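Hi,

Here is the structure I promised to pass on. Have a look at it first, and then read my notes underneath.

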There are 2 protein chains.
Amino acid sequence: MLKDIIEKLRSKGCKITPQRRIIIQSLIKFTKFPTASELCNDIRQTNPEISLDTVYRNLNLLIDMGVVNQINLPGKDANVFELSLEGHHHHLVCLGCGAADCLDYCPVDEKELQKATGLKFEIIGHSLELYGYCEKCKALSK
Amino acid sequence: MLKDIIEKLRSKGCKITPQRRIIIQSLIKFTKFPTASELCNDIRQTNPEISLDTVYRNLNLLIDMGVVNQINLPGKDANVFELSLEGHHHHLVCLGCGAADCLDYCPVDEKELQKATGLKFEIIGHSLELYGYCEKCKALSK
DNA sequence: CTTGATGCAAACTCTTTGCAGTACC
DNA sequence: GGTACTGCAAAGAGTTTGCATCAAG
């Protein structure tokens with residue numbers, strides 16, 4: 001997974017710096033989708049010298065490369081990042097702890113929707129987020 | 001519609017100032033979902049003296065009152081506001097001009113989804129945005 | 001050696017807050 | 001008249017940019 005991404009960057013002429021490598025590694029390792037600064041703090045535990053702007057710059061680079069998605073959650077800590085190697089999918093976002101799981105299954109049939117909405121609007125994509133509580137947070141609230 | 005909202009505010013003990021009234025009127029009038037500053041600029045065409053912080057303060061108040069929804073769109077101009085008198089619905093967001101239409105019909109069956117995802121995650125809500133091109137922007141791109 | 005990447009600092013945008021004066025109820 | 005609201009200015013958060021230095025290819 002790390003190798004694939006490195007290879008993709010290399011093939012597009014990007015240099016593979018230690019910072020870049022660590023950012024990708026950290027992103028792979030996260031179980032929730034991190035904000036830019038969460039990612040930076042995580043990396044600083046082993047590499048205290050990295051700067052937040054480098055994290056931002058590389059996240060934007062990875063987004064341009066199609067390796068990372070940026071997700072806008074409602075509320076605070078709204079901008080989070082995820083690896084996007086898996087193609088189209090959706091998320092189960094926990095309202096308790098903020099953890100987000102992926103849902104491979106896509107329940108949205110765009111063709112059906114296009115029929116239902118008529119021809120005025122041409123649908124070319126969608127985003128669906130499911131909100132609720134994960135196992136841990138369900139247990140905590142009881 | 002304006003009256004209903006004013007009444008609701010009054011019943012909760014809020015004062016009805018000219019600014020407040022104009023903000024609501026402008027919000028009703030918009031055909032796309034405006035950002036806070038778009039809303040402010042629109043209001044300034046007739047009331048140049050209004051300040052952006054008042055717009056923000058009142059939008060937050062209206063959100064607390066349940067009269068307005070805040071929607072996070074991906075990319076720039078991410079935070080937009082809509083009146084939320086119609087209950088649960090989704091949006092057709094134009095990638096060309098940013099205009100957003102409402103879709104009353106909800107194609108997401110949460111019960112089905114709950115079955116499909118199992119019991120680990122308890123679904124209590126969802127958000128769905130459809131992206132594409134409105135009639136105008138479709139025509140322009142040809 | 002060349003070009004792109006980094007770190008620092010500062011700029012920028014969006015949003016919130018403190019405060020004194022104002023106006024709605 | 002009292003309390004909530006306004007405008008101003010300034011503070012904060014999050015993100016981007018300019019620049020000199022550094023290192024990957």
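**DNA strand D**

In this predicted model, a polar side-chain atom of R57(A) sits 3.4 Å from a base oxygen of DNA strand D. That is a polar contact (a pair of N or O atoms within 3.5 Å; within protein, one must be able to donate a hydrogen and the other to accept it, and residues adjacent in sequence count only if both atoms are side-chain atoms). Two or more residues of the surface near this strand come from each of helix 4 of chain A, helix 2 (18-29) of chain B and helix 4 of chain B. Helices (H or I, at least four residues) and strands (E, at least two) are DSSP runs, numbered from the N terminus.

The side chain of T17(B) has an N or O atom 2.8 Å from a phosphate oxygen of DNA strand D. For Q19(B), an N or O atom of the side chain is 2.7 Å from a sugar or linking oxygen of the strand.

DNA strand D has 21 residues around it, and Y56(A), K15(B), Q19(B), D53(B) and T54(B) are the closest. Of the strand's atoms that come within 4 Å of the protein, 63% belong to sugar and phosphate. Near here means that a residue has a heavy atom within 4 Å of the molecule or strand.

Which element gives the most to this surface? Helix 4 of chain A does, with five residues. By class, the surface has four nonpolar, seven polar and ten charged residues. Ala, Val, Leu, Ile, Met, Phe, Trp, Tyr, Cys and Pro count as nonpolar, Asp, Glu, Lys and Arg as charged, and the others, Gly among them, as polar.

**DNA strand C**

Around DNA strand C there are 21 residues, with K15(A), T17(A), D53(A), T54(A) and Y56(B) coming nearest. Sugar and phosphate make up 63% of the atoms of DNA strand C that come within 4 Å of the protein. A polar backbone atom of I16(B) is 2.9 Å from a phosphate oxygen, and an N or O atom in the side chain of S51(A) is 3.4 Å from a phosphate oxygen. On the base side, R57(B) has a polar side-chain atom 3.4 Å from a base oxygen of DNA strand C.

Helix 4 of chain B gives the most to the surface near DNA strand C, namely five residues. That surface holds five nonpolar, seven polar and nine charged residues.

**One residue in chain B**

H91(B) belongs to strand 3 of chain B. Is it buried or exposed? H91(B) counts as buried because its relative accessibility is 4% (buried is under 20% relative accessible area, exposed over 50%, partly exposed in between, with a 1.4 Å probe and protein chains only). Its side chain makes polar contacts with the side chains of E82(B), at 3.1 Å, and H89(B), at 3.2 Å. Beyond its neighbours within four places in sequence, H91(B) is in contact (heavy atoms within 4.5 Å) with residues including F33(B), I71(B), D101(B) and L128(B).

**How to read the numbers**

Residues are numbered from 1 along each chain as its sequence is written, and chains are lettered from A and ligands numbered from 1 in the order in which they are written. Local features need pLDDT of at least 70 and side-chain atom pairs count only at pLDDT 80 or more, while totals for chains, interfaces and linings use all residues; side-chain values use heavy atoms, with hydrogens and water left out.

Cheers
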